[in-house]
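Got a bench question or two about this protein? Have a look at the chain below, and then we'll go through it turn by turn.

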Amino acid sequence: MQELSADLLLNAYLNGFFPMADPDSGELEWYCPDPRAILELTDLHISKTLLRTVRSGRFEIRTNTCFDTVLLECAKPAAARESTWIDQRITEAYGALHRSGFAHSVEAWKDDNLVGGLYGVQIGGAFFGESMFRRQDASGRDASKVCLVWLTEHLQTIGATLLDIQFMTPHLRRFGACEIPADDYLARLATAVELPCDWQ
């Protein structure tokens with residue numbers, strides 16, 4: 001079985017690649033999509049309903065308080081995801097990235113319970129979104145969406161310029177996500193990773 005280390009992950013991200021484990025074969029596959037899906041930080045589309053939820057303070061947003069739990073929640077089967085590409089190699093490698101300060105979680109809490117979140121990798125002014133989750137009961141409704149709104153605002157605050165979402169989905173398209181040629185993505189990536197952005 002192929003091994004996956006934090007150093008290998010960082011080098012892959014710097015070159016436009018990211019890994020996913022095939023849930024059937026167990027093989028670790030590397031991807032550099034063309035076109036590449038990104039979310040422009042200044043062009044986030046927020047519905048009126050979601051904006052009201054954000055402003056209501058329904059969720060307390062925390063960051064990096066339970067990274068491993070967020071990752072494991074993202075790995076669980078969900079309504080639109082019967083299998084997962086997040087295996088033990090993924091969890092261990094991204095856990096190591098988190099401990100070294102490169103991987104972060106954004107978490108939605110309600111009544112002191114974790115009800116949604118997302119995680120990804122930050123190198124300089126580039127953030128590579130990996131996965132998100134929400135609890136399937138009413139307590140988790142819109143939780144991951146609120147985390148995404150918080151993330152885009154936070155990235156702008158720290159001076160980041162690139163939010164990579166890898167593949168386009170109908171869900172992310174509604175937020176204003178777009179696709180750009182891989183060559184354009186790699187050019188933006190090279191500039192973004194050199195920015196001195198501190199997650200804080």
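Q: Is Thr152 buried or exposed, and what is the relative accessible area?
A: Keep in mind that this is a predicted model. Thr152 is found in helix H5, which runs over residues 143-158. Buried means under 20% relative accessible area, and Thr152 counts as buried because its value is 1%.

Q: What distance separates the C-alpha atoms of Thr152 and Glu107?
A: Along the chain, Thr152 and Glu107 are 45 residues apart. In space, their C-alpha atoms are separated by 14 Å.

Q: What is the strand order in the open sheet of 7 strands?
A: Let's walk across the sheet. Strands in a sheet are held together by backbone hydrogen bonds, and they can run parallel or antiparallel. Here the sheet is open and its pairing is mixed. Its 7 strands come in the order S4-S5-S6-S7-S8-S3-S9.

Q: Which strands stand at the edges of that sheet?
A: An edge strand has a single partner, so one of its sides is left without a neighbour in the sheet. From one strand to the next, the twist averages 35°. The two at the edges are S4 (60-63) and S9 (178-180).

Q: Which residue in S5 does Ile61 stand opposite?
A: S4 pairs with S5 (residues 103-110). The two run in the antiparallel sense, over 4 bridges. Opposite Ile61, in S5, stands Ala108.

Q: How many residues of strand S8 are buried?
A: In a regular strand, side chains alternate between the sheet's two faces. In S8 (residues 162-166), Leu162, Asp164 and Gln166 point one way, while Leu163 and Ile165 point the other way. Both sets are buried, and the count for the strand is 5 of 5.

Q: Which residue in S8 is the bridge partner of Ala126?
A: S7 (residues 126-134) pairs with S8 in the parallel sense. That pairing runs over 3 bridges. Within S8, the partner of Ala126 is Leu162.

Q: And which residue in S8 is the bridge partner of Ala37?
A: For this one, turn to S3, which pairs with S8 in the antiparallel sense. There are 2 bridges in that pairing. The S8 partner of Ala37 is Gln166.

Q: How far apart are the closest N and O atoms of Glu40 and Arg188?
A: The structure holds 8 salt bridges, and Glu40 with Arg188 is one of them. Glu40 is in the loop between strand S3 (36-38) and helix H2 (48-56), whereas Arg188 is in helix H7 (residues 182-192), so the pair links parts of the chain 148 residues apart. Glu40 is partly exposed at 24%, and Arg188 is partly exposed too, at 29%. The closest N and O atoms of the pair are 2.8 Å apart.

Q: Which residues do salt bridges with shared partners join into one network?
A: Start with Glu60, partly exposed at 42% relative accessible area, which forms a salt bridge with Arg62 at 3.2 Å. Arg62 also forms a salt bridge with Asp112, at 2.9 Å. That second pair links strand S4 to the loop between S5 and S6 (113-123), across 50 residues. The network is therefore made of Glu60, Arg62 and Asp112.

Q: Is Asp112 buried or exposed?
A: The cut-off for exposed is over 50% relative accessible area. Asp112 has 56%, so it counts as exposed.

Q: How many disulfides does the structure hold?
A: A disulfide needs two cysteine sulfur atoms within 2.5 Å. The sulfur of Cys178 is 16 Å from the closest cysteine sulfur, in Cys32, so that is too far for a bond. Cys197 is in no disulfide either, as the nearest cysteine sulfur, in Cys178, is 19 Å away. The number of disulfides is 0.

Q: Which residues form the nonpolar patch on the surface?
A: One member is in helix H1 (residues 6-14), namely Leu8. A residue in a patch needs over 30% relative accessible area, and Leu8 is partly exposed at 37%. Together the patch members have about 240 Å² of accessible area, and they are Leu8, Phe17 and Trp30.

Terms used: Residues are numbered from 1 along each chain as its sequence is written. This is a predicted model: local features need pLDDT of at least 70, side-chain atom pairs count only at pLDDT 80 or more; totals for chains, interfaces and linings use all residues. Side-chain values use heavy atoms; hydrogens and water are left out. Patches are made of residues with over 30% relative accessible area and no salt bridge: like charges are joined within 9 Å, nonpolar side chains (Val, Leu, Ile, Met, Phe, Trp, Tyr) within 5 Å. Accessible areas come from the Shrake-Rupley method with a 1.4 Å probe; for residues, only the protein chains shown count as cover. A salt bridge is a side-chain nitrogen of Lys or Arg within 4 Å of a carboxyl oxygen of Asp or Glu. Buried means under 20% relative accessible area, exposed over 50%, partly exposed in between (1.4 Å probe, protein chains only). Two strands pair if DSSP finds at least two bridges between them. Axes are lines fitted to C-alpha atoms, for helices over the stretch in contact, and angles run from 0 to 180 degrees between N-to-C directions.
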